[in-house]
Amino acid sequence: MTGTETTSPSSPFHREETGRDAAPQFVLPLVARIERAEPPARTDALETAARAVLVLLSDERAAGEGEWAQAVRDWQDARIRKVVRRARGAEWRRAEALPGITVTGAGAEVRVFPPVLLDGWPKDLARLQVSGTELDDPEPPPAPEAGRPVLWLNPGLEMSAGKAMAQAGHGAQLAWWELSEEERAAWRAAGFPLAVRTAERAAWDALTRSGLPVVRDAGFTEIAPGSCTVVADHPALHPALRRALPQDG
């Protein structure tokens, strides 16, 4: 499943999108391991996918003169699309043999690969299925721990697990972009803790107006263009929001 994200135009974290559509289209491939007998829980898969995006962005191969750096720059200069596919058994083993990083959760495994051209997928990834990735939580996830970054999902949208994994990855990336180098280093050192939760309906509108980064989907699959899918709520961004508020007097 794919998606493209921007921030809210009224947000202090707004990023200009002008000219991005004209650039060559790259995508970030993510492959979730979904064995028939033991599929991961949905929330675990979403959180693991989001962490996988952060792990790649923070990897030394994705920066400076690293071997993945140019591909990452080309991808981030255009629309930062992500495609989530699923694999099991021999498919997963072939995917693991390709250059990338496997990130694990409580039971989920997601492998992230350096960006590729939209029509330039390695054949062992291109043959994997995109649609039909359905996962469930055996029980409702608990409330997020205090101080943990949260990626809040829109409670009014129905998304497949694959689509939601891509959207969670978008939200994590928007938060990453807005952090300082010190804040990024601290998040990385802690292992990129985060939670993915569906927002309460009564809270969703306030979240989208809060000034925090908002994912707006391009509408390639499943949902209408411009739909707000995720709000990225990282505690380190709250001071910037307070500074952006009008001051009395």
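**Exercise 1.** Which residue does the side chain of R148 meet in a salt bridge? Classify both partners by accessibility.

*Solution.*
Step 1. The model is a predicted one. Look for the acidic partner: the side chain of R148 meets that of E145.
Step 2. Check the distance. N and O lie 3.4 Å apart, and the cut-off for a salt bridge is 4 Å.
Step 3. Take R148. Its relative accessible area is 26%. Partly exposed covers values between 20% and 50%, so R148 is partly exposed.
Step 4. Take E145. Its relative accessibility is 53%. Exposed means over 50%, so E145 counts as exposed.

**Exercise 2.** Find the partner of K163 in a salt bridge. Then decide whether each residue is buried or exposed.

*Solution.*
Step 1. K163 forms a salt bridge with D217. The closest N and O atoms are 3.2 Å apart.
Step 2. Place the two residues. K163 sits in helix α5, residues 161-178. D217 sits in the loop between β8 (214-216) and β9 (228-233).
Step 3. Compare positions in sequence. The residues are 54 apart, and the pair links distant parts of the chain.
Step 4. Apply the cut-off for buried, under 20%. K163 has 0% relative accessibility, so K163 is buried. D217 has 3%, so D217 is buried too.

**Exercise 3.** Explain what the salt bridge between R94 and D124 ties together.

*Solution.*
Step 1. Confirm the bridge. The side chains of R94 and D124 meet at 3.9 Å, N to O.
Step 2. Locate the ends. R94 lies in helix α3 (residues 89-96), and D124 lies in helix α4 (residues 123-126).
Step 3. Draw the conclusion. The pair ties together parts that are 30 residues apart in sequence, because its two residues lie in these helices.
Step 4. Classify the ends. R94 has 32% relative accessibility and counts as partly exposed. D124 has 18% and is buried.

**Exercise 4.** How many salt bridges does a search of the whole structure find? Name the residues of a network.

*Solution.*
Step 1. The search finds nine salt bridges.
Step 2. R33, E35 and E109 are linked in a network of them.

**Exercise 5.** Describe the whole protein in numbers.

*Solution.*
Step 1. Count the elements: eight helices and nine strands.
Step 2. Judge burial. Of the 249 residues, 51% are buried.
Step 3. Turn to contacts. Take those between residues at least 6 apart in sequence: 80% of them join residues at least 24 apart.
Step 4. Finish with the surface. The accessible surface is about 11700 Å², and carbon and sulfur atoms account for 50% of it.

Methods
Residues numbered from 1 in each chain as written. Predicted model: local features only at pLDDT ≥ 70, side-chain atom pairs only at ≥ 80, totals over all residues. Heavy atoms only, no water. Helix = DSSP H or I, 4+ residues; strand = E, 2+ residues; numbered from the N terminus. Buried < 20%, exposed > 50% of the residue type's maximum accessible area, 1.4 Å probe, protein only. Contact = heavy atoms within 4.5 Å. Areas by Shrake-Rupley, 256 points an atom, 1.4 Å probe, with all protein chains shown as cover.
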